[in-house]
Amino acid sequence: MQLSNVSNVLEVIGVEKRYPGVVANRDVSIQIQAGTIHAIIGENGAGKSTLMKTLYGLIKPDAGQIRIFGKEVNLKSPQDAIELGVGMVHQHFKLADNATVLENVILGSEPTRFGFVVKYDEAREKLIEIAQNYGLDINPDEKLSNLGVGERQRVEIAKVLFRGAKILILDEPTAVLVPQEVDELFANLRELVKKGLTVLFISHKLDEVLSIADDITIMRQGTTVATRKPENTNKKELAELMVGGELPKPKAGELKISPESFLKIESASYFRADGRQILDDVNLELHGGEILGLAGVEGNGQSELIELIMGLIKPASGSVEVLGLDAANTLTREIRNAGVAYIPQDRQRDGLLMTAPLWENRILGHQFAEPMAKSIWVNKSAAIQDSKRVVDEFDVRTPGINVLASALSGGNQQKFIVGRELTGDPKLIVAAQPTRGVDVGAQAIIWEHLMQARSRGAGILLISADLEELFSLSDRIAVIYSGKIVSILNPAKTTPEDLGLAMTGAKSA
Amino acid sequence: MSTNIAKTNSNARTKAKSFFKSPARITLLIAGLFLIISLVESITGAVDITAPGTSGATLRFAIPLLMAGLGGLWAERAGVINIGLEGMMIVGTWTAAWFGFLHGPVVGILAAAVFGLASGFFHAFLTVKIGIDQAVSGLSINLIAAGAARYLSGIFFPPVGGDRTVSPPVETLPTFTIPLVADFFKSIDEKDIFFISNVSGLIYGITRDLSVVTVGLLLLVPITSWILWRSKFGLRMRFSGENPMAAESLGINVYRTRYIAISVSGMLASLGGAYLALVASSVYREGQTAGRGFIGLATVIFGNWKPSGVFAGSILFGFTDALRVRQADSVMALIMGAGIVALLLSIFYTSSRRWKPAGSYFAIGLVALWINQRVETIPQEFITVFPNVATLLVLTFLAQRLTPPAMAGMPYKRGSE
């Protein structure tokens, strides 16, 4: 099938990117042949996005070489990349609703007369020609606000084709699509490579990658570990390569599970406003004294599950019982007052007031109960005192408790939130990505406090994308995929490979 | 599947659009409206509604609102709300009067344009570069402009024959009457034929004693439309207001685009002020702008962020202003007209079996006619507040159909996601 002398349109040789304290990419090498769909897979944080941004000129690598069409290049901005024929289809669309498809496509590279009159007719013809040539079903004069997600993605693809891209980078293009739209997208992509374009496809869904890619490169911990052809590999091998075999053994701790159930979710389903099903018949039970890990690739319904538990949204069917309360019909405040602690996954959006001092942030979520409140007044001295305690106990590195939350580094913000939430011996702790983006030292502190809470008898729901974290802490690991709990595993008897397979939907128990 | 639904939707939309785009139908609609007004006029005897003087006055009252509205439109299309329009108009009235007094009205208008541009640039600097809240920046411009105008008036005007709040009179600008056309319609207006004379009176009113400035400023409506929908800058300006992140990702300098658009916004508002000082009157007077900058902002919403809509809004608000000044009785007649229109709409909706709008319009019509029969005189205050009420009504009833620029009023920093 493959010609022997196919040229590499894109070569990445030994690329490295370091951030203070983190190596995002090291020794990344990929060879991509013309007219192929090349998939790059890896877990969250494996360095895929950093690599893509490097290829698109958004990030400058610290070392290594990038060759496009055989020539070594030095990309300074996305404009450089576009000029060399590299186009990026972002995961989050960059489109304006209140404008037409045509306007969205041509913006920034408008054909003009005298330099300022846009030749809309000419642009429209060119777009129609591109659409027909590559089999993209779009109407240039349609308002964007009338389009669905799949169509918007086609507009994004048309946008890069309009700029003459020969190499398309698609960043997790299927994350936002429903299955039929995925099929349409794949048909489009096949059409593109048939016409001689090259597609770089980033994903962590093994099924998709196996069905669409000509080559698959696997990334782990910032580096490329292997390249396979789909016909010579299988899901199991890919999952192993993605996860690696270097995970620590689960930590042995005495288990004192109380018979009392702190969280009971029974056949809960949830639909998004656009009708898409996010949660499908979820059943979970969590007792006091245990840590239940929830593993899954992000966007498989974890966020909605958390919101159900916190009473932020209501299930379409089924029930959610939190510490004996019906979460759907209880105020979030009452749920919290009953003894639920919540460590949100987006700490800056949901966990802190970035422009308020630490001691005010300490009050958040406890503003109605002693000691943070005294009748209708906030108890400032108690808040200040307790903020100091949190700072000491959780080793929050801060010049003081009067500084704004935004002045702290991410890891220290997280330690402060964990400290705040673990105050007052909560019975149920919902911890979403509690150690994301924090350094190893902070991670150890947070883990230790979570384990202490467990031995005090608290029930902990640990939502994490970090397999190491899940294996180290969890007593049981539930795996969520496409809104379903596909299996519940015992970490002592499970290999990371099995977990990886379950997370990517390759195997369900 | 979803594609089909979207297509049908868009077909319906294009149909609705093409209905209002067909010139023949628009003419018919306007003619129908005039028929009703003529009818009302002959019933109530409020002859002032279509008197030539009214249409002329409407134009004079509408132009300052139009300029403020276009100013607001330029700023908001680029993504920045300009609350400072009122202050920028004050800049225009003062500089036009002072430089007009010193060097003649043409220089006065040019000076207003330059100082307006500068005031817009100041707003852009505060909001785009420094990132001050857009409302705060606009309000501060209003306060600074009002204070500075009062202070400078006290220093400059008394020595040259004005007083502390009024400038010395400025030479007026030339006016002209369109030959033949104006005479022709004047002759018909005088014949007093039902409907035809009414229309002719209106045309006569806006073709005689036209100021060159009026014509020039009116041209800014099609020019703005052309820039927004035909030019490269317009496309980039709209995206700066709709999705600056997308624009930035395609290599567009959102900051520069906003600087230009907001400066133009200030210039337009200031020209509106210059019109007040040099065309609608011939002096600067303290408080001359009288909140027109804010009404201008209202026309932007009323006009759904489109130049033609802003024009329609300023004509409507200018019309109510003109009637208030000329003959308050006419307002009563207008209410009757509105009542008749509402009843007709109700019949229209009944025939297409859309009961909800039919019912609401029927109720509105009844209320209007009841007011017309029962209330003796409409209080002056009500007429003054009419533009605000009209904007509120538009916001209430048409809010879902309004399409404001998605990011207007939101702070934007380069490189944000």
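Which residues of the largest nonpolar core touch the most other members? Among the 239 residues of this core, they are A:L168, A:V430 and A:V479. A nonpolar core here is a set of buried Ala, Val, Leu, Ile, Met, Phe, Trp, Tyr and Cys residues joined through C-beta atoms within 7 Å. A residue is buried if 20 or more other C-beta atoms lie within 10 Å of its own, exposed if 12 or fewer, and partly exposed in between, with C-beta atoms placed from the backbone.

This is a predicted model, in which local features need pLDDT of at least 70, side-chain atom pairs count only at pLDDT 80 or more, and totals for chains, interfaces and linings use all residues. Residues are numbered from 1 along each chain as its sequence is written, while chains are lettered from A and ligands numbered from 1 in the order in which they are written.

**The core and an enclosed helix in chain B**

The biggest contribution to the largest nonpolar core, 16 residues, is made by helix α13 (residues 254-280) of chain B. Helices (H or I, at least four residues) and strands (E, at least two) are DSSP runs, numbered from the N terminus. Back in chain A, A:V479 touches A:A295, A:G296, A:I485, A:V486, A:S487, A:L489, A:L499, A:A502 and A:M503, leaving aside residues up to four places away in sequence. Two residues are in contact if their C-beta atoms, placed from the backbone, lie within 7 Å.

Helix α14 (residues 292-302) of chain B has 10 of its 11 residues buried, so it is largely enclosed by the rest of the structure. Its buried residues include B:I295, B:L297, B:V300 and B:F302. After α14(B) comes B:N304, with a positive phi near 55°.

**Chain B as a whole**

Chain B holds 18 helices and 2 strands. Of its 417 residues, 45% are buried. Looking at contacts in chain B between residues at least 6 apart in sequence, 78% join residues at least 24 apart.

How confident is the predictor? pLDDT is its confidence in each residue, from 0 to 100. Chain B has a mean pLDDT of 84, and 89% of its residues reach 70 or more. Among its elements, α1(B) has the lowest mean, 45, and helix α4 (residues 85-103) of chain B the highest, 96. Residues 1-20 of chain B have pLDDT below 50, and this stretch has 11 contacts in the model beyond near neighbours in sequence. Where pLDDT is low, the predicted coordinates should not be read in detail. The model scores ipTM 0.80 and pTM 0.73.

**Where the chains meet**

The contact between the chains takes 24 residues from chain B and 22 from chain A. On the side of chain B that touches chain A, α1 (2-21), α11 (232-242) and α12 (244-249) of chain B each supply at least two residues. The largest share of that side, 6 residues, comes from α11(B). By class, the side of chain B has 11 nonpolar, 9 polar and 4 charged residues. Ala, Val, Leu, Ile, Met, Phe, Trp, Tyr, Cys and Pro count as nonpolar, Asp, Glu, Lys and Arg as charged, and the others, Gly among them, as polar.

**The domains of chain A**

Chain A is assigned domain 1 (8-243), domain 2 (258-339 + 429-434 + 459-509) and domain 3 (345-425). Such bounds come from an automatic or database domain assignment. The centres of domain 1 and domain 2 of chain A, taken over C-alpha atoms, are 33 Å apart. Between these two domains, 13 residues of domain 1 are in contact with 13 residues of domain 2. On the side of domain 1 that touches domain 2, α7 (206-212) and α8 (235-243) of chain A give two or more residues, and α8(A) gives the most, with 6 residues.

**Local details in chain A**

Helix α9 (residues 302-309) of chain A has 6 of its 8 residues buried, so it is largely enclosed by the rest of the structure. Just after α9(A), A:G311 takes a positive phi of about 75°.

Most residues other than glycine have a negative phi. Two residues of chain A with a positive phi are set out here.

| Residue | Phi | Loop in chain A | C-beta neighbours within 10 Å |
|---|---|---|---|
| A:D395 | about 55° | between α13 (380-393) and α14 (410-422) | 14, partly exposed |
| A:S482 | near 50° | between β23 (476-481) and β24 (484-489) | 18, partly exposed |

Key. pLDDT = per-residue confidence, 0-100.
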